[in-house]
Every structure is written in structure tokens, then in C-alpha cells.
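User: I have a protein chain to look at and would like to go through it step by step. Please keep the answers short and show the reasoning.

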Amino acid sequence: MVNYQFFDFLIIGNISTEFIVDLNNRPHNDLLGGSALYAAGGTRCWCDRIALISKTHHTHARRLQTLHKRYLVDIEGIKYPAGQAETKHFFGYLSPHEVFCGNPVPFYASRKIEFPKGLLDYASAYDRTPAARMNKFLLEDFPIQYRDICTALVCKCSLPIQLQLTSLLQKCATTRLILQASDDYMQLEHFEMMPMLLKDVTAFIATERQVIKLFQNRLHDKWEMLESLAKMGCENVIVEDSNFGHTLFQKLTGKRTHIPAYPAPLNDPTGYQESFCGGFMAGIKRDLDPIEGLLCGAISASFTAEGSGPFYCADAYPSLIQSRFNLAKKLIKKG
């Protein structure tokens with residue numbers, strides 16, 4: 001596909017059709033999105049040589065080819081299994097932290113927005129939890145040229161699938177493995193499984209709410225929670241706070257670093273954390289420095305939240321990306 005002999009980044013996640021009403025009451029209909037593409041957009045802000053693995057509906061093939069040609073993201077690892085259901089997601093934002101994902105009909109009516117034809121078949125039967133949508137992967141799902149990629153990101157999915165993927169990747173050439181946490185398992189009843197998941201992981205990225213739910217009645221101090229996760233085998237733990245900032249705990253040094261959300265307009269939070277994950281992966285690969293990753297992730301996420309769609313951030317001018325990076329350095333707080 002892309003004429004690269006080698007790839008630097010591997011991203012495994014979901015691909016779906018999205019219908020979004022953003023914080024400014026603007027509709028964005030029939031977008032091709034999903035965790036894999038938002039993460040790829042966040043990485044593409046900084047680097048190329050990106051390969052994707054996913055299983056999705058065959059109707060997405062043409063648009064994925066367009067993305068491949070425009071952004072030079074390799075899609076040979078995207079498969080279209082027979083019988084694969086089409087996944088649609090509706091996101092109606094009430095506030096930056098409150099999104100409505102239920103029946104879209106009354107939502108559009110209350111906002112006096114024309115109802116999109118693509119949502120006419122959108123029923124409650126649709127599974128809106130991306131974690132449950134990802135299928136099991138086998139080694140043969142990985143094109144041969146992907147098996148030598150050293151840096152990989154597994155986006156949010158169910159605990160069994162993430163366990164299976166981390167085991168598979170660690171048997172390949174992967175030396176830097178980044179996991180995005182999922183609500184599916186960030187709960188007290190799965191606590192005993194976390195050391196198995198986090199063993200030898202480079203970075204684990206979660207939200208503050210997820211971490212609190214995982215440690216319910218066990219720990220109450222945020223730093224103790226992050227340190228506990230690190231002791232389970234993870235080199236770096238990153239937590240997104242309620243203001244869209246990120247805190248990093250490094251196991252090796254015990255250093256604590258916080259970066260607030262970049263001061264840019266927040267119009268559409270869809271894919272914010274996935275874009276951060278992609279940017280973090282690019283940064284830590286570039287300088288082997290998690291603080292560099294923190295900076296790159298924050299900038300990728302800031303561009304993604306300004307617009308809509310997974311590659312909005314990848315269209316930013318390089319000079320503007322670098323300008324934000326320089327300013328973000330001044331916002332870093334070390335503890």
C-alpha cells in the first residue's frame with residue numbers, strides 16, 4: 001500500500017461511522033471515525049509510517065482508501081470480514097463532559113437540526129460501547145511487514161481482547177507498548193487482573209474517573225493510585241483529569257508531571273483521548289522521553305478538539321504545531 005519498507009507505528013482499534021452534534025450545536029454527519037483513526041490522526045500530526053489494524057464493514061473501504069492516499073497511513077491490516085456488522089455512533093454534546101448517545105430523534109428535534117438520513121436505521125440495538133465491538137485478532141491478521149514494528153498502541157477494547165493483543169505484540173518485535181484503558185474493565189471486580197494486563201507495558205493511559213472506579217474502597221489518594229498501577233508492571237501511567245489535562249507518573253524515577261489542556265477552543269471532544277494517545281506514542285518514540293510524549297499528546301488532542309473528524313489535527317500547519325509545542329513546554333508542572 002504505502003511504499004514503505006518499514007513502519008514505525010502500529011495502531012489497533014475500531015473504525016465506525018459517526019454522527020456528531022458538537023458543543024456549538026453544529027451537526028457533523030456520516031464521518032468515518034473510531035478509535036483507530038483518531039489515534040492515527042494524533043500520530044500523523046508528528047510522524048508518518050503509520051500502520052493500522054482493524055476489522056470493519058466493507059462499505060468503509062473506499063473512504064479508507066482516500067484517507068490512505070491523503071495521509072499516507074497504511075491500511076493493509078484493515079480487514080472486512082463477511083457478516084461484519086456496520087457500527088454507527090451518535091454523540092450529542094450537552095457539555096464538554098456530558099454526551100447523549102441514546103435515541104437521536106428527540107435530540108435533533110430539540111435542537112431544531114435536520115435529522116440525517118444515515119441515522120434512520122439507528123436503533124437501541126446498536127452497541128454503543130466500542131470496547132465490546134473489537135473482534136479477536138490472530139497473528140495471521142498482522143501483515144508480515146507489521147510484525148517488526150517496535151512501537152504499538154492498543155486502543156480501548158474489552159479486557160480479554162487487550163490481554164490477547166498485548167501477549168501477541170510482546171511476542172513480536174514490539175518494545176514500546178501503549179494501552180488505552182476501557183470502561184469495560186476499569187472496575188473493582190477486575191482489579192486482580194490488572195497486573196497481568198500491565199506487565200511490561202510502556203504506558204497506560206486512563207481517565208481520572210476510570211482510575212477512581214478501579215480503586216474503589218482500596219485507595220483514595222490519586223498519587224497512590226498511579227503508583228500502584230505502575231508497580232503492576234507499567235513504566236508510565238497517564239491520567240486525564242476532568243479539565244482535559246494530563247498527569248504522568250514515571251515508575252523508574254517516581255517523577256510526577258502535569259500538563260493542563262492546551263488553551264485552545266473546545267468544540268468537539270470526540271476522539272480527544274485517542275488523539276492524545278497517538279500524539280504521546282509519536283513523542284515517546286521520537287526522543288524516548290515520556291514528557292515529550294505528554295507534550296505531543298496534548299497538542300494533538302488540542303487540534304482534534306477544535307474541529308471534527310479524526311484527521312482534523314493532521315491538517316494543521318507544521319509551524320502552528322511547533323508553536324503550540326513551544327508554548328506547552330511552559331505549561332508543564334513537575335512535582
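User: What percentage of the residues of the chain count as buried?

Analyst: This is a predicted model, and the values below are computed from it. A residue counts as buried when its relative accessible area is under 20%. Among the 335 residues of the chain, the share that counts as buried is 56%.

User: How many helices and how many strands does the chain have, and why does it count as compact as a globular protein of its length?

Analyst: The secondary structure comes to 11 helices and 14 strands. For 335 residues the globule rule gives 20 Å, and the chain is close to that, so it is as compact as a globular protein of that length. The value for the chain itself is a radius of gyration of 19 Å.

User: Of the contacts between residues at least 6 apart in sequence, what percentage join residues at least 24 apart?

Analyst: A contact here means heavy atoms within 4.5 Å. Taking contacts in the chain between residues at least 6 apart in sequence, the part that joins residues at least 24 apart is 69%.

User: How far apart do the centres of the positive and negative side chains lie?

Analyst: The chain carries 36 positive side chains and 34 negative ones. Each set has a centre, and the separation of the two centres is 2 Å.

User: Which residues touch the most other members of the largest nonpolar core, and which helix gives this core its largest share?

Analyst: The largest nonpolar core has 53 residues, and Ile11 and Trp46 touch the most other members. Nine residues of this core come from one element, its largest share. That element spans residues 290-306 and is helix 10.

User: Which residues are in contact with Trp46, leaving aside neighbours within four places in sequence?

Analyst: Trp46 belongs to the largest nonpolar core. Its contacts, with those neighbours left aside, include Gly279, Ala282, Arg286 and Cys296. The others listed for Trp46 are Ile299, Ser300, Ile321 and Phe325.

User: How many residues are in the second, separate core?

Analyst: This core includes Ile161, Leu168, Leu198 and Phe215. Its residue count is 42.

User: Is Lys112, with its positive phi, buried or exposed?

Analyst: Most residues other than glycine have a negative phi. Lys112 has a positive phi, near 60°, and is found in the loop between helix 3 (104-111) and helix 4 (130-133). The cut-off for exposed is over 50%. Lys112 has a relative accessibility of 79%, so it counts as exposed.

User: Where is Leu72, and what is its phi?

Analyst: Leu72 sits in the loop between helix 2 (61-71) and strand 5 (73-79). Its relative accessibility is 35%, and therefore Leu72 counts as partly exposed. Leu72 is not a glycine, yet its phi is positive, at about 55°.

User: What distance separates the C-alpha atoms of Pro310 and Ser35?

Analyst: Pro310 is in the loop between helix 10 and helix 11 (318-331), and it is buried because its relative accessible area is 6%. Not counting residues up to four places away in sequence, Pro310 touches Leu32, Gly33, Leu37, Tyr38 and Gly41. Pro310 and Ser35 are 275 residues apart along the chain, while their C-alpha atoms are separated by 8.6 Å.

User: Is Gln250 buried or exposed?

Analyst: Gln250 is found in strand 12 (residues 246-250). Leaving aside neighbours within four places in sequence, its contacts are Glu235, Asn236, Lys255, Thr257, Pro290 and Ile291. Its relative accessible area is 12%, so Gln250 is buried.

Note on methods
Residues are numbered from 1 along each chain as its sequence is written. This is a predicted model: local features need pLDDT of at least 70, side-chain atom pairs count only at pLDDT 80 or more; totals for chains, interfaces and linings use all residues. Side-chain values use heavy atoms; hydrogens and water are left out. Helices (H or I, at least four residues) and strands (E, at least two) are DSSP runs, numbered from the N terminus. The radius of gyration is taken over C-alpha atoms; the globule rule is 2.2 Å times the number of residues to the power 0.38. Buried means under 20% relative accessible area, exposed over 50%, partly exposed in between (1.4 Å probe, protein chains only). Lys and Arg count as positive and Asp and Glu as negative; His and the chain ends are not counted. The place of a charge is taken as NZ of Lys, CZ of Arg, CG of Asp or CD of Glu. A nonpolar core is a set of buried Ala, Val, Leu, Ile, Met, Phe, Trp, Tyr and Cys residues joined through side-chain atoms within 4.5 Å.
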